[in-house]
Amino acid sequence: MSQNPRETLSGNKWVNSVNMDLSLPLDKMKKIRVESRKLIEAEQISARTLSRLIGKMTAATQVIPPGPLFYRYLQMDLTRALRASGQNYEATVNLSTNSQK
């Protein structure tokens, strides 16, 4: 729960009605970072795992507007893998160099 009575949790973000701003809860930010690191370090990842991470990043774009710049290459890799596998979400995804940056 927030310390500030004018700050409420709405969906996956904090809304501050005094400053009129949005912020991502620290635990959600940490989860995205941890999952991103695991994804980069993993030898193999499934399309489902990558899709799940992209979904979390997409949900954070209300708070972090340049977010799509960070996951667009991941989306391209996911699309490529799904096309090659006939939309099989259990297929292995090969991360491009751009995705790993």
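**Exercise 1. The lining of the largest pocket**

Task: Into how many nonpolar, polar and charged residues does the lining of the largest pocket divide, and what is the volume of this pocket?

Solution.
Step 1. The lining of the largest pocket consists of 14 nonpolar, five polar and two charged residues. The model is a predicted one.
Step 2. The volume of the largest pocket is about 450 Å³. Its lining has 21 residues, and those closest to the pocket centre are Ile32, Ser36, Met57, Phe70 and Tyr71.
Step 3. Two or more residues of the lining come from each of the elements α1, α2 (47-59), α3 (67-85) and α4 (97-100).

**Exercise 2. The chain as a whole**

Task: In what order do the elements of the protein chain run from the N terminus on, and what percentage of its residues count as buried?

Solution.
Step 1. The secondary structure comprises four helices and five strands.
Step 2. Read from the N terminus, the order of elements is β-β-β-α-β-α-α-β-α.
Step 3. The protein chain has 101 residues, of which 30% count as buried.
Step 4. Take the contacts between residues at least 6 apart in sequence: 44% of them join residues at least 24 apart.

**Exercise 3. Helix α1 and its two faces**

Task: What span should helix α1 have at 1.5 Å a residue, and which of its residues are buried?

Solution.
Step 1. Helix α1 covers residues 26-41, which is 16 residues. The expected span is 1.5 Å times one less than the number of residues, so 16 residues should span 22 Å. The end C-alpha atoms of α1 are 23 Å apart, in agreement with that value.
Step 2. The buried residues of α1 are Ile32, Ser36 and Leu39. They lie on the same side of α1, because they cover an arc of only 65° around the axis.
Step 3. On the face turned away from this buried side are the exposed residues Leu26, Lys30, Lys31, Arg37, Lys38 and Glu41.

**Exercise 4. Ser36**

Task: Does Ser36 count as buried or exposed, and which residues does it touch beyond four places in sequence?

Solution.
Step 1. Ser36 is part of helix α1.
Step 2. The cut-off for buried is under 20% relative accessible area. Ser36 has 18% relative accessibility and therefore counts as buried.
Step 3. With residues up to four places away left out, Ser36 touches Leu53 and Met57. Both Leu53 and Met57 are among the buried residues of α2.

**Exercise 5. Helix α2**

Task: Which residues of α2 are buried, and why are they said to be on the same side of the helix?

Solution.
Step 1. α2 has 13 residues, and from its first C-alpha to its last it reaches 18 Å, close to the expected 18 Å at 1.5 Å a residue.
Step 2. Ala47, Leu50, Leu53, Ile54 and Met57 are buried in α2. Because they cover an arc of only 130° around the axis, they are placed on the same side of α2.

**Exercise 6. Leu74 and Ser99**

Task: What distance separates the C-alpha atoms of Leu74 and Ser99, and which residues is Leu74 in contact with beyond four places in sequence?

Solution.
Step 1. Leu74 is placed in helix α3, and Ser99 in helix α4.
Step 2. Along the chain the two residues are 25 apart, yet their C-alpha atoms are separated by 5.5 Å.
Step 3. Leu74 has a relative accessible area of 5% and so is buried. Ser99, at 8% relative accessibility, also counts as buried.
Step 4. Outside its neighbours within four places, Leu74 is in contact with Leu39, Leu50, Ile54, Met57, Leu95 and Ser99. With residues up to four places away left out, Ser99 touches Tyr73, Leu74 and Asp77.

**Exercise 7. Thr92 and the loop before its strand**

Task: Where is Thr92 placed, and which residues is it in contact with beyond four places in sequence?

Solution.
Step 1. Thr92 belongs to strand β5 (residues 92-93).
Step 2. Its relative accessibility is 42%, so Thr92 counts as partly exposed.
Step 3. Neighbours within four places set aside, Thr92 is in contact with Gln44, Ile45 and Ala81. Ala81 is 11 residues away along the chain, and the C-alpha atoms of Thr92 and Ala81 are separated by 7.2 Å.
Step 4. The loop between α3 and β5 contains Gln87. Phi of Gln87 is near 65°, a positive value in a residue other than glycine.

How values were computed: Residues numbered from 1 in each chain as written. Predicted model: local features only at pLDDT ≥ 70, side-chain atom pairs only at ≥ 80, totals over all residues. Heavy atoms only, no water. Buried < 20%, exposed > 50% of the residue type's maximum accessible area, 1.4 Å probe, protein only. Arc of directions from axis to C-beta. Contact = heavy atoms within 4.5 Å. 1 Å grid on protein atoms, 1.4 Å probe; cavity = no way out; pocket = protein on both sides within 12 Å on 5 of 7 lines; lining within 4 Å. Points joined across faces, edges and corners; volume = space filled by probe spheres on them. Nonpolar A, V, L, I, M, F, W, Y, C, P; charged D, E, K, R; others polar.
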